[in-house]
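Thanks for agreeing to look at this one with me. Below are some notes to help you find your way around, in numbered points that can be taken one at a time.

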Amino acid sequence: GSGSQGGADGAASAASFKQPWVLAGSADGRYLYISESLGHRIRRLDLSSQQVTTVAGSTSGSSGSTDGTGTAARFYHPAQISLSPDGTSLYIADAYTSKIRKLDVASSAVTTVVVASVAGAGLDHPMGVAVSLDGSTLYIADTDRHRVLKHVLQSGATSLLAGLTSTRGFDDGIGTAARFNEPWAVTLSLYGAHLYVSDHSNHAI
């Protein structure tokens, strides 16, 4: 990046960003994907050629919730991103649309992952998403509902993993006995046995 705010693609040293938020690297080490929160788009840095391109979202920084291919798609404050283990799909916590989106890496097609209402409440500004090591499951930090969800991609089943819907708190415990206060990000341990949660407004992990 040039150090100046903007949305210019091109050589890495001359490209510009508007609040780049989270990075996800491809398994082969060739690409770095970037969620650009205030630019409302997804960028990609080719680490070999050092070229930055906009792979999805408006090049002018327009926000929205439209599915589509490449620059026809719209995002609204994309936050955490997570690349599937096979590198074919990039999952995006699109915070201000209250949706989880999927970018097909090969075609740049963006679709909405349908996440069912849980405990009578849909997603509310989800900031975090992580995909399981086998690519079958998404873990979602549902920030303004103060909970962590589990979404099985094949069946579309969504369940409450931890926290209590729309209830803030700071309590360790099992499942709904635990409490969070605006969880922002999630990440899995090396072998997938543990999910770590950035509990933003509790200032805790």
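**Notes for a first look**

1. Let's begin at the largest cavity, which is lined by Tyr33, Arg44, Val55, Leu103, Val105 and Ser108. Please keep in mind throughout that this is a predicted model. The cavity holds about 30 Å³ of space, and a search of the whole structure turns up 1 cavity of 30 Å³ or more. By character, its lining residues split into 4 nonpolar, 1 polar and 1 charged.

2. Two names from that lining, Tyr33 and Leu103, come back in the largest nonpolar core, where they are among the residues with the most contacts inside it. The others in that group are Ile42, Ile81, Leu90 and Ile92, and the core has 15 residues. At least two residues of this core come from each of strands E3 (31-36), E5 (51-57), E7 (78-83) and E8 (89-94). A second core of 12 residues lies apart from it, and includes Ala93, Val118, Leu123 and Ile140. As background, nonpolar side chains tend to be buried together in soluble globular proteins.

3. Leu90 is a good residue to click on in the first of these cores. Which residues does Leu90 touch, not counting those up to four places away in sequence? Ala24, Tyr33, Ile42, Ile81, Ser82, Leu83, Arg101, Lys102, Leu103 and Val105. Tyr33, Leu103 and Val105 in this list also line the largest cavity, which makes Leu90 a handy link between the two views.

4. Next, follow the chain to the loop between E8 and strand E9 (99-104), where Thr97 is found. Thr97 counts as buried because its relative accessibility is 15%, under the 20% cut-off. Its side chain makes a polar contact of 3.0 Å with the side chain of Asp94. Leaving out residues up to four places away in sequence, Thr97 touches Gly64, Ser65 and Tyr76.

5. Ser98 sits in the same loop, between E8 and E9, and its backbone deserves a look. Phi of Ser98 is near 55°, a positive value in a residue other than glycine. Most residues other than glycine have a negative phi. At 22% relative accessibility, Ser98 counts as partly exposed.

6. His77 also has a positive phi, near 60°, and is not a glycine. Its place is the loop between strand E6 (68-69) and E7. Is His77 buried or exposed? It counts as buried, at 15% relative accessibility.

7. Arg74 lies in the loop between E6 and E7 too, and is partly exposed, with a relative accessible area of 22%. A polar atom of the Arg74 side chain lies 2.6 Å from the backbone oxygen of Thr71. Where does Arg74 meet Gly57? Their C-alpha atoms are separated by 4.8 Å, although the two residues are 17 apart along the chain. Beyond neighbours within four places in sequence, the contacts of Arg74 include Gly57, Ser58, Gly64, Ser65, Asp94 and Arg101. Gly64 and Ser65 are also touched by Thr97, and Asp94 is the polar partner of Thr97.

8. Val186 takes us to strand E15 (residues 183-188). Val186 is buried, with a relative accessible area of 2%. How far from the C-alpha atom of Ile140 is that of Val186? The separation is 7.2 Å, with their positions 46 residues apart along the chain. Setting aside neighbours within four places in sequence, Val186 is in contact with residues including Gln80, Val129, Ala130, Tyr139, Leu195 and Val197.

9. Thr137 belongs to strand E12 (residues 137-142) and is buried, at 7% relative accessibility. A polar contact of 3.1 Å joins its side chain to that of Ser136. Among the residues it touches, not counting those up to four places away in sequence, are Ala130, Val131, Lys150, His151 and Leu153. Ala130 is a contact of Val186 as well.

10. Finally, Gly10 is in strand E1 (residues 10-11). Its relative accessible area is 19%, so Gly10 is buried. The C-alpha atoms of Gly10 and Gln51 are 5.4 Å apart, with the residues 41 apart along the chain. Leaving aside neighbours within four places in sequence, Gly10 is in contact with Ala15, Gln50, Gln51 and Val52.

Note on methods:
Residues numbered from 1 in each chain as written. Predicted model: local features only at pLDDT ≥ 70, side-chain atom pairs only at ≥ 80, totals over all residues. Heavy atoms only, no water. Core = buried A, V, L, I, M, F, W, Y, C linked by side-chain atoms within 4.5 Å. Buried < 20%, exposed > 50% of the residue type's maximum accessible area, 1.4 Å probe, protein only. Helix = DSSP H or I, 4+ residues; strand = E, 2+ residues; numbered from the N terminus. Contact = heavy atoms within 4.5 Å. 1 Å grid on protein atoms, 1.4 Å probe; cavity = no way out; pocket = protein on both sides within 12 Å on 5 of 7 lines; lining within 4 Å. Points joined across faces, edges and corners; volume = space filled by probe spheres on them. Nonpolar A, V, L, I, M, F, W, Y, C, P; charged D, E, K, R; others polar. Polar contact = N/O pair within 3.5 Å; in protein donor to acceptor, adjacent residues only side chain to side chain.
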